[in-house]
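Please keep the model open in your viewer and make each selection as it comes up in the text. The stops are ordered so that related residues can be viewed together.

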Amino acid sequence: VKDLIPNSEYYFRVKAVNKIGGGEYLELRNPIIAEDPKQPPDPPVDLEVHNPTSKSVTLTWKPPLFDGGSKIMGYIIEKLAKGKDRWERCNDYLVPLLTYPVKGLEEGKEYQFRVRAENAAGISEPSRITPFVKAVDPTEAPKVFLAAKLQSGLEVKRGDEIILEAHISGSPYPSIIWLKNDEVVRPEEIKKRVTTYTRKKKESVLSIRDSIRADHGTFTIKVENDHGVAKASCEVNVLDTPGPPVNFVFEDVRKNSVICKWEPPLDDGGSEILNYVLEKKDNTKAEMGWVTVSSTLRHCKFHVTKLIEGKEYLFRVFAENRVGSGPPCVSKPMTAKDPFSPPDPPNKPDVQDVTSNSMVVKWNEPKDNGSPIIGYWIEKREINSTHWARVNRNLVNALEIKVEGLLEGLTYVFRVCAENAAGPGKFSPPSDPKTAQDPIIVPGPPSCPEVKDKTKSSVALAWKPPQKDGGSPIKGYIVEMQDEGSTDWKKVNEGDKLFPTCECVIPNLKELRKYRFRVKAVNAAGESEPSPATSEIPVQDILEEPEIFLDIGAQDFLSCRAGTTIKIPAVIKGRPVPKTFWEFEGKAKTTAKVEATDTRSVIIIPECNRSHSGRYSITAKNKAGQKTVHIRVNVLDVPGPPKDLKVSDITRGSCKLSWKMPDDDGGDRIRGYVIEKRTIDGKAWTKVNANCGSTSFVVPDLISGQEYFFRVRAENRFGVGPPAETIQRTTARDPIHPPDPPIKLKIGLVTKNTVSLTWKPPKNDGGAPVTHYNVE
């Protein structure tokens, strides 16, 4: 029978035929499958052993050359320990692949292996038996090689990622340590920029993200197992702009030039310094910017010219490499001037030998500041004039000069300056005034003394100097006093203890006694006539009512933020020294700190809050009277909670909130209100609006049937205050009204004691299902 379809089932029947006809058919009872005959497969081939360890080996093989006419379902692996005669099966289930790891071996023993193939027809003969394999771990010293691109080092720009790859081998597999400059790299200490990981089980990778200049150096990978240690290193250079040059100094400073010198940066940024940029700035004018002197300097020295004499300059220098320009090194200020300077000013001249038309002016030689003094210039000025006049037409080489041609009776002062090769220096201080007049006389009398102050044991006097000093400066003054009922004048101070100024305090007087005082002026010629005497002055304390001055910007109102410190300083005056105390709203302020002296009192309230707002008063009191000053303090804070929060006009999708303004607006105008909602099951508050300017708001977008809580917070320019919350839950649903009356009431069957009624429901149920009907 030919032309059958493979794997199809067929029935067959046969009948005999003679010349009379055909007989009955003989049929097969069971169908026949059209398929080739099956037999067990050939044995697998090329069985090999790989990667033996102390516990396992890996077997690989190739499928049989002939599968026996049926698909190979899998393989059976068997092992035979040396010295035994029985093969053991290694796998519980057929192995579908052409490799299998045999585990559970005993360390040190030797094994042989074979493999059988199985198909639907049966199991094949075993494959060729492997040689004996000993169950021991392989030994191999570790090896490590950096990727080829790293052999000559790695160079990256700052901010790029550094990736170092190393290929590793060895058995057992070695441990791995990365080092930088012989120190272990610890990723956790470098803010997670550094990571190390193993790739493909034979590669270790070190990655540094966002590289910085400090990451440059020698990176080494060290691998180690029981059979040795291996290392591989790579020089990593992170390119960056160079650091600032250092040690900026000036040489050969002149009035119009200077030589600038510096040293290269301590860090060149990993790249050769290409050149330097030198800039200058006029330091006397803040608005002037930096001006480039040269941008192509190859060396660390440059002669700067065309400076302006006397101006102060700043210089700065940048280093540039192929990455860019680094930060500058800024010099100290430098003034363009020659190494020597004009002489110092002489000391104050001394005027001698005064006559009615001439005076002799003398001075000492000042410091020449590096250049010899070639002479002096002398100037004079009449005491009541502002103009200085040159005395000499030519330089004076001596240390004195006789000035002639003065006008009798006029008072003169003189000054001197020295000159050297750098020019004239500064003038000396003016001499003491001298009047052009012949030999001096005693001065005129001072004015009548005035009482400036007094206590129960002393008197303070002041007077004006005499109108004429007699041609000689007033050396000082003598004060005399006369006791009550006496005609004798007694000197308060002797001539060798003159009062140098026109005032003095006379101590050790008797209380309530009366005294008179007068003053004499003293010059080189002697004592003047006494001044007019004072009237009798009783010795007693002067009483002054207290005065208080608040030492703040606003004398009667002070605003401050909550949480800050309130300081209200007050200056106290009065005699005797007043006693002071502070009050708050008419009561003693016990929580505040008060620091007080005789002339000053400060109240301090740290970390103030709204409760500290109000009127503060300070009172000063002494024998002469009492003074109270008030200041109102306003502590600014966030507003308090709104009042009377109510919910109304509830529908299935909205409701209306209304409230009243807070009792406390925090001291500032309320800008608006923040409205929030929360479902009964939720924990988080959701903002309904950003800001509401009125005291009512319609909350939209409610979910029908959902229950809500609401809260409102007031806001001013200092922030949002505490909330006012609804206590009862609010259900989002339309308002319910009584239903309309039922319609079409009809009377049905009537008996002697019953009646049957029917009707239809109302057209409007009032917003809720009708629950029942009342029949009357």
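Begin with Trp759, whose relative accessible area of 32% makes this residue partly exposed. This is a predicted model, and what follows should be read with that in mind. Add Tyr773 to the selection; at a relative accessibility of 35%, Tyr773 also counts as partly exposed. The two ring centres, of Trp759 and Tyr773, lie 5.5 Å apart with the planes at 65 degrees, and because planes over 60 degrees apart count as edge-to-face, this pair is placed in that class. Distant parts of the chain are linked here, since Trp759 sits in strand 64 (residues 755-760) and Tyr773 in the segment after strand 64, 14 residues apart.

Next, widen the view to aromatic contacts in general: the whole structure contains 16 aromatic pairs. One of them, to be selected now, is formed by Trp463 and Tyr477, which meet edge-to-face at 5.6 Å centre to centre, with 70 degrees between the planes. Trp463 belongs to the loop between strand 39 and strand 40 (476-483), while Tyr477 belongs to strand 40, so the contact ties together parts that are 14 residues apart in sequence. Are these two residues, Trp463 and Tyr477, buried or exposed? Both Trp463 and Tyr477 are buried.

From there, select strand 39 (residues 459-462) together with strand 42, and display the backbone: the two run antiparallel and are joined by 4 bridges. Within this pairing, Ala462 is found opposite Glu503 of strand 42. Now show the side chains of strand 42 (residues 503-506), which alternate along the strand: Cys504 and Ile506 are buried and point to one face, whereas Glu503 and Val505 point to the other face and are not buried. Such alternation between the two faces of the sheet is what a regular strand shows.

For another sheet, select strands 14, 21, 20, 16 and 17, which in the order 14-21-20-16-17 make up an open sheet of 5 strands with mixed pairing. Its edges are strand 14 (154-157) and strand 17 (183-184), each of which pairs on one side only. Zoom in on strand 14 and strand 21 (residues 228-239), which run parallel and are joined by 4 bridges. Two positions help to orient the view: Leu154 stands opposite Val236 in strand 21, and Lys157 stands opposite Leu239 in strand 21. Turning to the side chains of strand 14, one sees a covered face with Leu154 and Val156, and an uncovered face with Glu155 and Lys157.

Return to the aromatic rings by selecting Phe248, Phe250, Trp262, Tyr276, Tyr313 and Phe315, which together form one aromatic cluster. Two contacts between a charge and a ring can then be added. The charged end of Arg13 sits over the ring of Tyr25, at 3.8 Å from the ring centre, and the charged end of Arg415 sits over the ring of Trp388, at 4.2 Å from the ring centre.

The remaining stops concern salt bridges, of which the structure has 37. Select Asp268 and Arg213, which form a salt bridge with their closest N and O atoms 3.7 Å apart. Asp268 lies in the loop between strand 23 (258-263) and strand 24 (275-282), and Arg213 in the loop between strand 19 (203-208) and strand 20 (217-225), so that the pair links distant parts of the chain, 55 residues apart. The two partners differ in accessibility, Asp268 being partly exposed with a relative accessible area of 32%, and Arg213 being buried with 13%.

Move on to Lys643 and Asp663, whose salt bridge has its closest N and O atoms 2.8 Å apart. Because Lys643 lies in strand 55 (residues 643-648) and Asp663 in the loop between strand 56 (655-660) and strand 57 (672-679), the pair ties together parts that are 20 residues apart in sequence. Lys643 is partly exposed at 31% relative accessibility, and Asp663 is exposed with a relative accessible area of 67%. Keep these in view and add Lys660 and Asp644, whose side chains meet in a salt bridge at 3.4 Å, N to O. Lys660 is in strand 56 and Asp644 in strand 55, 16 residues apart, and Asp644 is partly exposed, with a relative accessible area of 44%.

As a final selection, take Glu480, Lys491, Arg518, Lys520 and Glu527, which are linked in a network of salt bridges.

Notes: Residues are numbered from 1 along each chain as its sequence is written. This is a predicted model: local features need pLDDT of at least 70, side-chain atom pairs count only at pLDDT 80 or more; totals for chains, interfaces and linings use all residues. Side-chain values use heavy atoms; hydrogens and water are left out. Buried means under 20% relative accessible area, exposed over 50%, partly exposed in between (1.4 Å probe, protein chains only). Two strands pair if DSSP finds at least two bridges between them. Rings of Phe, Tyr and Trp (its six-membered ring) pair if their centres lie within 6.5 Å; planes under 30 degrees apart count as stacked, over 60 as edge-to-face and the rest as tilted. A charge sits over a ring if NZ of Lys or CZ of Arg is within 6 Å of the ring centre and within 35 degrees of the ring normal. A salt bridge is a side-chain nitrogen of Lys or Arg within 4 Å of a carboxyl oxygen of Asp or Glu.
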